[in-house]
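Subject: A structure for you, with notes on its aromatic rings

Hi,

Here is the structure I promised to pass on. Please have it open while you read the notes below.

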Amino acid sequence: MKRRPLPVAAALAATAALLLTACGSGDDKSSDNDKIAGADQGAETPKESASPSGAPAEDKPDGVDVSLPKDMNLVFDWDKPKDKNEAAAMQDAANFVRSIYRGVDKRTTKDASLVAYSTGDGTRYAKTQIDARLEGGWTAEGTRRHYQATTRSAPNGSSVEVAFCVDSSKFYSKEIKTGKVLKGAPSITDFDYFKIIMVKVPTGEGLWQASKVYVEAKAAKCQ
């Protein structure tokens, strides 16, 4: 995963959607207002260098730590596209997902990984998901599977849509204070379909950021 050194930027705000909601219990809900689509958002240029960390090289694809605790297992079960840009965008879409859960684990919306792999509405979306966990006093554990991925490039080559299914039936919310894992009966609420618009950073060689997120909850096509 190690590709190139990365300068990172500060681009943090908040918007509503659903990335952490399906966590096995079926307790979290989403609405039509959670859906964001489009590719008209430009990338923000990173300006600051990320702080070094003790993460192994494979957890720092761009010099930014995206490592997660062992009990937070994100599986990306998909094939790498042949197109170079689409392959890079898909990899950084996965890093964007990792950055959100890293924020949940570290209890912050200001981790360098989120700054590196998101911009605009993508950043606002991620912060909303992290903040929901912080306010609820929850973290997450288990296995979250991402699969059936497809990519589609914009005609000008500046953005790539990365779409995929998510199975959270074995991924659970966990109360931080008590350590209680919140499990529920598996249901259609455990399956979601994502479309993430990735935009290329002009000054970052091969770096792509999530600019917009669209989520179809209770996605029967992902079962």
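What follows is a short tour of the ring contacts.

Please keep in mind that this is a predicted model. Counting ring pairs by centre distance gives five aromatic pairs. Take Trp78 and Phe164 to begin with: their planes stand at 65° and their ring centres are 5.3 Å apart, so this pair is edge-to-face, given that an angle over 60 degrees counts as such. The two partners come from distant parts of the chain, 86 residues apart. Trp78 belongs to the loop between strand S3 (72–77) and helix H1 (84–106), while Phe164 is part of strand S5 (residues 159–175). Both Trp78 and Phe164 are buried.

Phe164 also pairs with Phe194, and here the arrangement is stacked, with 5° between the planes and 5.5 Å from centre to centre. This contact again links distant parts of the chain, as Phe164 in strand S5 and Phe194 in strand S7 (residues 191–200) are 30 residues apart. Phe194 is buried, just as Phe164 is.

Which residues make up the aromatic cluster around these pairs? Phe76 joins Trp78, Phe164 and Phe194 to form one cluster.

You may also like two contacts between a lysine and a tyrosine ring. Lys183 lies over the face of Tyr172, with 4.9 Å to the ring centre. In the other contact, the charged end of Lys195 sits over the ring of Tyr214, at 5.9 Å from its centre.

Happy to talk it through whenever suits you.

Best wishes

Technical notes:
Residues numbered from 1 in each chain as written. Predicted model: local features only at pLDDT ≥ 70, side-chain atom pairs only at ≥ 80, totals over all residues. Heavy atoms only, no water. Phe/Tyr/Trp six-rings, centres within 6.5 Å; stacked < 30°, edge-to-face > 60°. Helix = DSSP H or I, 4+ residues; strand = E, 2+ residues; numbered from the N terminus. Buried < 20%, exposed > 50% of the residue type's maximum accessible area, 1.4 Å probe, protein only. Lys NZ or Arg CZ within 6 Å of the ring centre and 35° of its normal.
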